[in-house]
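Colleague: Could you walk me through this structure, starting with what kind of model it is and then turning to the ligand and the sheet?

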Amino acid sequence: MKPPPTGLQTRAVHAGETPDPATGATTPNIVMSTTYAVDPDVQFSIGDQEGEAKTGYVYTRWGNPTIQQLAKKLAALEEAERCVLFGSGMAAISSLLLHVLESGDHLVMSDVAYAGASELANEILPKMGIRISRVDMSDLAAVANAIHADTKLVYVETPCNPICRLTDIAVVAQLARKVGAKVAVDSTFATPMATLPIQLGADFVIHSLTKFLGGHGDAIGGAVLGGKADLLALQQSTLVRMGGIISPFNAWLVLRGLATFPLRMRAHEENARQVAQFLEAHPKVKRVIYPGLTSHPQHALAKAQMCNFSGMLTFQVEDGPVAAKVLAQHLSIFHYAVSLGHHKSLLFYMDTDSLLQSSFWLTEQQAASYRAFAGKGIFRVSIGIEDAGDLCDDLTQALDQL
Ligand SMILES: *Cc1c(COP(=O)(O)O)cnc(C)c1O
C-alpha cells in the first residue's frame with residue numbers, strides 16, 4: 001500500500017476504515033464469523049490485501065474483515081506495503097523467525113531483546129539447526145564482526161526491553177545489506193510515532209500490539225510489517241500453517257485504541273519526560289535512563305532516530321529488592337505489574353543477575369555493557385497518560401517509605 005498523503009493522526013483515525021457497505025455503519029463492525037459462504041469455485045487461496053474484498057473471505061485463519069481493517073491501518077501508520085497480524089507479539093516474532101530461517105542459517109540477534117524473544121533464540125532455535133550470534137548492537141564494530149556472508153537475518157530491538165539501550169538502525173541495515181541479509185526491527189518501544197525502521201533500511205518491523213499501539217491493556221496481539229512479497233509469503237507460510245492468528249475481537253480493540261495513538265504517544269512522552277526529570281533529581285534515585293534525557297548515554301542517537309521518546313524509562317535505587325516490596329505496597333496510582341504501553345502507569349523491578357541467568361546468557365563483556373545501563377537491577381517504568389503531577393506525587397510518597 002502506498003502511504004496516503006495525510007498526517008499520522010488522520011491515518012490513525014481513518015486508514016483501513018470505510019462505512020459498512022451493508023448498513024452504512026461508520027464504525028467498524030466486529031466480524032466474529034469463522035467461515036464465509038462462498039462460491040463453489042472459490043479456491044483455498046489467500047487474496048492479496050487489496051484483492052481480498054473482491055475474492056471474498058473463506059475462513060478466518062486465512063483472512064477476516066476486522067483483522068484486515070487493522071492490518072491496513074497499521075500498514076498506513078508504519079508506511080509499510082503490508083502488515084500481517086498475529087495473536088501476540090511473541091507469535092509474530094516466532095512466526096517471522098521460523099519463516100525466514102532454516103536449518104544451517106545464521107542469525108545475528110541483539111544480545112538484549114524482549115525476554116521471550118531472547119529465550120526463543122537461546123533455547124528453541126538452536127535445536128532447529130539455526131546458528132545464532134548474540135551481539136551488543138550498540139557496539140557497531142561488534143555487529144560488523146558478527147555479520148558474515150552466510151548471515152540470513154539481523155534482528156534488532158530498539159530501544160531494547162528492558163534497559164532502553166538503542167541501536168542505530170540505518171548503520172546496521174547497511175552492514176546487513178552488504179551480505180544480502182534481511183533486517184528485522186522490534187519497534188514495540190519506539191512505535192511508528194518515533195521511528196519508521198523501513199525508511200531506515202529494515203525489511204521487517206515487529207510490534208507487540210499489546211503495548212502502546214493497543215494502548216489500553218485489554219488486548220494481546222502482534223504484527224509484522226514489510227514489503228508485499230515478503231509479507232504475503234509470511235502470511236501463506238507460518239501464519240496460516242502455524243495458525244497464530246489474532247482474534248477479531250482483539251483486532252477490533254486494537255483498531256479502536258489506534259484512533260488515539262498519536263495523542264496518547266504525545267501524552268506518554270510528556271509525562272515520561274516530567275517523571276524522568278523528577279526521578280533524576282530525587283535523592284533516593286541513583287540513576288535514570290530515558291532516551292529523552294540528555295543524560296542517556298545515546299541521547300544523540302535518540303534525537304536522530306526518534307521523533308518521540310516514548311513512555312519507557314528505568315531507574316535504580318540503592319537496594320532494589322527491598323524497594324520493590326515497599327513500592328508495590330505504597331504506590332497507589334502506579335500498578336506494580338509487568339507489561340507496558342498502557343494508559344495506566346506500570347512499574348516492575350528486574351534484578352540484573354537473575355535476568356542475565358534466565359533470559360540473556362551474555363558474555364562477560366556483554367554483561368558489563370548491560371550493567372552499565374542497569375546496575376544491579378532496574379525498575380522498568382511504563383508511564384501512562386495520567387496527570388504527570390499525580391505520578392510524581394505517588395512516587396514521592398512511596399519513595400519516602402524507603
Ligand atoms: C511485550 C513485548 C513483546 C512480546 O509481545 P506479547 O504481545 O506479550 O507477546 C515483544 N517485544 C517487546 C519489545 C515487548 O515489549
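Modeller: This is a predicted model, in which local features need pLDDT of at least 70 and side-chain atom pairs count only at pLDDT 80 or more, while totals for chains, interfaces and linings use all residues. Residues are numbered from 1 along each chain as its sequence is written, and side-chain values use heavy atoms, with hydrogens and water left out.

Colleague: Which helix gives the most residues to the shell around the ligand?

Modeller: The ligand is surrounded by 15 residues, with G89, M90, D186, T210 and K211 the closest, where a residue is near if one of its heavy atoms lies within 4 Å. With three residues, the largest share of this shell comes from helix α4, residues 89-100 (helices are DSSP runs of H or I, at least four residues, strands runs of E, at least two, numbered from the N terminus).

Colleague: How far is a nitrogen atom of the ligand from an N or O atom in the side chain of D186?

Modeller: A polar contact with the ligand is a pair of N or O atoms within 3.5 Å. An oxygen atom of the ligand lies 2.8 Å from a polar backbone atom of G89, and for the nitrogen atom and the side chain of D186 the distance is 2.6 Å.

Colleague: Which strands stand at the edges of the sheet?

Modeller: Seven strands form an open, mixed sheet in the order β1-β7-β6-β5-β4-β2-β3, two strands being paired if DSSP finds at least two bridges between them. One side of each edge strand is left without a neighbour in the sheet, because each has a single partner strand, and these are β1 (82-86) and β3 (131-135).

Terms used. Polar contact = N/O pair within 3.5 Å; in protein donor to acceptor, adjacent residues only side chain to side chain.
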